[in-house]
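Visitor: Hi, I've got a structure open here and I'd like to go through it with you. Can we start with what sits inside?

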Amino acid sequence: MAKGEYLGEFEHVVLLIVLRLGDGAYGAMIRAEIERVTGRSPAMGAVHATLERLERKRLVSSWIGEPTAERGGKAKRHFKVEADGISALKHARRALERLHAGVSLRDATA
Amino acid sequence: MRPPALAQALVAAAAPESDYEMVAGDLHEEYLRIMYQRGAKAADRWYWAQTVLSIPSLLSYSRSNRSPRRRIGVALIAFAVLLAMAAVLMAIELAAQTVFGNANAGGGRIWLWIMYIDAVVFGAILARLVRPDGVRVAFYAAIFLVLCFVVPAVAGHPGSQAPLCAWIELSGVIPAMCIGAGLYQAIRRRINTAR
């Protein structure tokens, strides 16, 4: 994996959330799910900027849906994880597992 | 049942053109959900917090063409706009000298405000020329302009020494250009939405 292709921490979170939600996940849904699962409340702009970065890396793809009344007549941008996104997640997981191997958190002191 | 108008305008000014509708729609959807659950005041507070926290991220990206050719083109346009901005200021100064016999007639404060108004107007012109990245480009162009004056002074170039307050006043050009570009984008998007 080239240097620029590694997942940042928030990119990792967003990619996993899009995968959890399945095809068609969109900004508000992704932000709410991040809040529900991780307890952190990211800015909507940060979620969209991260999704754009993931799309530029070809880890997710997007398409524009129909405008709806509950969104003030504005359209949604739906996202889905691509094959490269799955590979990046597998790679990140393997790297984390290797990092954790041989480390005991129970005995560690802060 | 509408989010705060000023916050909406800020989102319209900062969001990239390609994503404005989606970002504003997502914020609107969550705003309505919070309003039904916790009331209008809580929803307004949430919308304002989201707007303020989102602005840096929204300004940081763009879905527009990122080819080197386009980047060079945008840089050249921004440079030309900065030159035009300086030329207008010099023309006003020359006109004041001709009419009043003294370029500083009215005092330094008036010149400061003329410089800021000039920056707002040319920020809007730059946003029009480099659509859809107006505010981002205006921000970087203004920083470049300020650095053009600050770097020689810091490097100790003779004739570039000025008191600290002069640099602070000059750096007011950065928000002024961003305000001009943001106003242009917000008005344009309002008109497009109304259509």
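Guide: Sure. The largest nonpolar core has 65 residues, and those with the most contacts inside it are Leu126(B), Ala138(B), Ala141(B) and Met177(B). A nonpolar core here is a set of buried Ala, Val, Leu, Ile, Met, Phe, Trp, Tyr and Cys residues joined through C-beta atoms within 7 Å. Buried stands for 20 or more other C-beta atoms within 10 Å of a residue's own, exposed for 12 or fewer, and partly exposed for anything in between, with C-beta atoms placed from the backbone. This core draws at least three residues from each of domain 1 (5-60) and domain 2 (68-194) of chain B; those bounds come from an automatic or database domain assignment.

Visitor: Is this model predicted or not, and how do the numbers and letters work?

Guide: This is a predicted model, where local features need pLDDT of at least 70 and side-chain atom pairs count only at pLDDT 80 or more, while totals for chains, interfaces and linings use all residues. Residues are numbered from 1 along each chain as its sequence is written, and chains are lettered from A and ligands numbered from 1 in the order in which they are written.

Visitor: Okay, back to the core. Which residues is Ala141(B) in contact with, leaving aside neighbours within four places in sequence?

Guide: Ala141(B) is in contact with Ala78(B), Val81(B), Leu82(B), Leu126(B) and Met177(B), once neighbours within four places in sequence are left aside. A contact needs the C-beta atoms of two residues, placed from the backbone, to lie within 7 Å.

Visitor: How many residues does each domain of chain B put into the contact between them?

Guide: The domain assignment gives domain 1 (5-60) and domain 2 (68-194), and the contact takes nine residues from domain 1 and 10 residues from domain 2 of chain B. On the domain 1 side, helix 1 (residues 5-14) of chain B has the largest share, four residues. Helices (H or I, at least four residues) and strands (E, at least two) are DSSP runs, numbered from the N terminus. By class, that domain 1 side has seven nonpolar, one polar and one charged residues. Ala, Val, Leu, Ile, Met, Phe, Trp, Tyr, Cys and Pro count as nonpolar, Asp, Glu, Lys and Arg as charged, and the others, Gly among them, as polar.

Visitor: What about the two chains, how many residues meet there?

Guide: 21 residues of chain B are in contact with 17 residues of chain A. Helix 2 (20-38) and helix 3 (40-60) of chain B each supply at least two residues of chain B's side, and helix 2 gives the most, with 11 residues. The chain B side divides into nine nonpolar, six polar and six charged residues.

Visitor: I clicked on Leu32(B). Where is it found?

Guide: Leu32(B) is found in helix 2 of chain B. Leaving aside neighbours within four places in sequence, Leu32(B) is in contact with Glu70(A) and Met1(B).

Visitor: And why does Leu32(B) count as partly exposed?

Guide: Because Leu32(B) has 17 C-beta neighbours inside 10 Å.

Visitor: At what angle do the two helices numbered 3 pack, one from each chain?

Guide: Helix 3 (residues 44-56) of chain A and helix 3 of chain B pack at about 25°, with their axes 6 Å apart. Axes are lines fitted to C-alpha atoms, for helices over the stretch in contact, and angles run from 0 to 180 degrees between N-to-C directions. The two helices are therefore roughly parallel to each other. Angles under 35 degrees count as roughly parallel, over 145 as roughly antiparallel, 65 to 115 as roughly perpendicular and the rest as oblique. The residues that meet include Met44(A) and Ala49(A) from chain A, and Gln50(B) and Leu58(B) from chain B. This contact divides into five nonpolar, five polar and no charged residues.

Visitor: Now chain A by itself. How many helices and strands?

Guide: Chain A has four helices and three strands, running α-β-α-α-β-β-α from the N terminus on. Helix 1 (residues 9-21) and helix 3 of chain A have axes that come within 10 Å and cross at roughly 85°, which means helix 1 of chain A is roughly perpendicular to helix 3 of chain A.

Visitor: And chain B, how many of each?

Guide: Chain B has eight helices and zero strands. Buried residues make up 33% of its 195 residues.
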